[in-house]
Amino acid sequence: MARIDAATFQVSTRFELAADTTTEDTDQQGRGLPNYLFSVGLLPDGLFAWVPGKKDNVFRGPFRDQLALSDDNTVRPLVALLNVAEGVEDVAQRIDLDDRNLPNQVVFTPLGDYAFVSVAGSALVEVRDAYTGEFVTALKETGFAPRGLALTETDRLFVHASLSRTVAVYDVADIVSSHDLITKKLADVPTVAAEKLDAQVLRGKQLFFNSEDVRMSDQGYISCASCHFDGADDGRVWDFGSVGEGLRNTVSLLGRRGTGHGNVNWSGSFDEIQDADDNIRNLFGGKGFLSAEQLAVGTVATPRGDKKAGLSPELDALAAFLGSLDTHNPSPFRDADGSLTQDGVAGRAIFKRLGCGFCHTGPDGTDSAGGKLHDVGTVKASSGMRAGEPLFGIDTPTLNGVWETAPYLHDGSAPTLRDVLVTANAEDRHAFTSALSEAELGQLIAYVQQLDGTVDLEPSEGDGADEEPTEEGLFGCSVTGGRGDSHAPLLAFALVAGLMTFGARRGRVA
Ligand code: HEC
Ligand code: HEC
Ligand SMILES: [Ca+2]
Ligand SMILES: [Ca+2]
Ligand SMILES: [Ca+2]
Ligand SMILES: [Ca+2]
């Protein structure tokens, strides 16, 4: 967290929130690295502040400390306490909101004796003693995904239930006056006159954010939003060894349109979003949205076996929501008018010359749709398996949106794009980048940083930007599905580079 001097706009204090590597993992507490620091609630005296967020247990897992992630020791809810006067976090005072998911905003009573904390995934507001941090009571039935609070001088608490499209209003006068703990819900005020989301998509988004449903999570700790808040990623590398995978960097779901980029997961292990039910049951402690009977039919229980689609309205709604995530955030590395910078244009030519588009193909920048996997020299022991089966390669990720999704590679082992192309590509198995001059490398990186799904016309293309690339078929056949290629086609890249077009990009959707 940073404190900014309002007069000079300079950072005056930086509060470092330390990784907790020592707290014993139990059902009420655990280790973790603070993340998703949503907001700051300043106490009326200005001396302390509460910062709600989460704690990611990136110290746990079969490849790390030999302990499988469990539903209560994957993500834990966190409120960090900043000692504003001394400019440090008071680590000993950290609050763990047991059995909750994604606390995100805090307001205090005028005397500073009680705190109201909205908890998005748990669909409630907690009342806590501001001196001790102890739990006092909870305002339930706020509606889905509460993520905004306001306390009025008339002792009304307004709670924005973002995914119920309502503001819940509570009378909290008894708490404010320390008279009693009774609260009364006065109203649910609708905030949206004409809902823009399709009903199934909205239902899916509500499920995505809701850890209270025992089908999603046992003790209410985990929802999809725990790691993909608003559909994005959390920058973390999770040890998914216990669900037949390995070290896995969270994938942003933005722009991927559910299975719009073919199989999902770095190993391409799932062929439907509905396969997330496997993680719900095996990782989040949820009962799952499919019954034992449904799972017992044919090969439904196997991720790429008989289809799970159509078996559960909830899983289908989750899939509809993910399918609706069809845009990436615009890259700020572009010129102000949204076009490629000069370096970006130069980088695009290098991208073609090196044959990057052989795998990062077409508007989505991936050949995943054919079920291909490639080992570009990044697969190691800690990469683990593919849903319990041998892992021969990785499903080519899109490069659209990578400007905001560091770290890189399936296991997050490349902190920067440069590391992907240099440090992690020592043997040139991920294209011949060692042949590039420092300037060319900079241009290639500039191009990749500007990919966000925008249609970039090339001078020679005129207005033919809607055409699909036609050369793909020439090369697509040289890689087999399921097994990683040995990278024999690399030599061919240099020869055909002049022919290859990366292809038209989709226009930005408003
Ligand atoms: C503990 C953090 C965590 C939670 C909770 C979580 N995910 Fe993920 N998600 C990840 C990680 C890590 C990956 C990469 C996993 C892999 O490749 O095996 C991922 C990958 C995905 C992908 C693959 C995207 C692609 O195109 O390859 C989808 C889809 C997905 N998650 C959906 C969900 C849904 C739906 C939920 C809730 C049911 C969920 N996730 C909950 C961490 C999480
Ligand atoms: C043979 C297929 C292939 C070629 C050619 C290829 N890539 Fe990749 N690329 C992949 C695969 C597979 C991954 C995922 C590897 C992993 O996660 O371990 C990847 C990952 C990446 C990533 C990291 C993305 C992320 O989200 O972490 C970047 C950046 C990237 N490639 C850029 C390039 C550039 C630039 C070129 C050309 C110089 C190129 N790639 C050529 C297959 C390829
Ligand atoms: Ca607990
Ligand atoms: Ca894919
Ligand atoms: Ca499946
Ligand atoms: Ca990443």
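Two residues are in contact here if their C-beta atoms, placed from the backbone, lie within 7 Å. With that in hand, here are some notes on this predicted model.

1. **R128 and its contacts.** A good place to start is R128, which sits in strand 11. Leaving aside neighbours within four places in sequence, R128 is in contact with Y114, A115, V117, G133, E134, F135 and V136. For A115, 13 residues away along the chain, the C-alpha atom is separated from that of R128 by 5.1 Å.

2. **Is R128 buried or exposed?** R128 is buried, because 23 other C-beta atoms lie within 10 Å and the cut-off for buried is 20 or more. Its strand follows suit: strand 11, residues 124-129, is mostly covered, with five of its six residues buried.

3. **Strand 11 and strand 10.** On one hand, strand 11 pairs with strand 10 (residues 114-119) in the antiparallel sense, over six bridges. Within this pairing, V127 of strand 11 stands opposite F116. The two strands form a hairpin with four residues between them, and A123 in the turn has a positive phi of about 55 degrees.

4. **Strand 11 and strand 12.** Strand 11 also runs antiparallel to strand 12 (residues 135-139), and four bridges join them. V127 turns up again here, with T137 as its bridge partner in strand 12. This hairpin has five residues between the strands, and G133 takes a positive phi near 80 degrees. You may remember G133 from the list of residues in contact with R128.

5. **The sheet of strands 13 to 16.** Further along, four strands form an open sheet in the order 13-14-15-16, with antiparallel pairing. Strand 13 (146-151) and strand 16 (184-190) stand at the edges; each has a single partner strand, so one side of each is left without a neighbour in the sheet. Neighbouring strands of this sheet are turned by 20 degrees against each other on average, direction ignored. Strand 13 is joined to strand 14 (residues 156-161) by four bridges, and L149 stands opposite V159 in strand 14.

6. **Helix 6 against helix 8.** How do these two helices cross? The axes of helix 6 (residues 342-353) and helix 8 come within 7 Å and cross at roughly 100 degrees, which means that helix 6 is roughly perpendicular to helix 8. By class, their contact has six nonpolar, four polar and three charged residues. On the helix 6 side, the residues include D343, R348 and F351, and they meet helix 8 residues such as E440, L444 and Y447.

7. **The surroundings of ligand 1.** Of the 25 residues around ligand 1, C224, C227, V264, N265 and W266 come nearest. Helix 3 (276-282) and helix 5 (313-323) are the elements that give two or more residues to this shell. Its residues divide into 15 nonpolar, seven polar and three charged.

8. **The surroundings of ligand 2.** Here 28 residues surround the ligand, and the closest are C356, C359, T378, Y408 and A431. The elements giving two or more residues to the shell are helix 7 (417-421) and helix 8 (438-449). Which helix gives the most to the shell around ligand 2? That is helix 7, with three residues. The shell around ligand 2 has 19 nonpolar, nine polar and no charged residues. Helix 8 thus links two of these points: residues from helix 8 belong to this shell, and helix 8 also meets helix 6.

Conventions. Residues numbered from 1 in each chain as written. Chains lettered and ligands numbered in written order. Predicted model: local features only at pLDDT ≥ 70, side-chain atom pairs only at ≥ 80, totals over all residues. Near = placed C-beta within 6 Å. Nonpolar A, V, L, I, M, F, W, Y, C, P; charged D, E, K, R; others polar. Buried ≥ 20, exposed ≤ 12 C-beta atoms within 10 Å, placed from the backbone. Pairing = 2+ DSSP bridges. Axes fitted to C-alpha atoms, helices over the stretch in contact; angles between N-to-C directions. Parallel < 35°, antiparallel > 145°, perpendicular 65-115°, else oblique.
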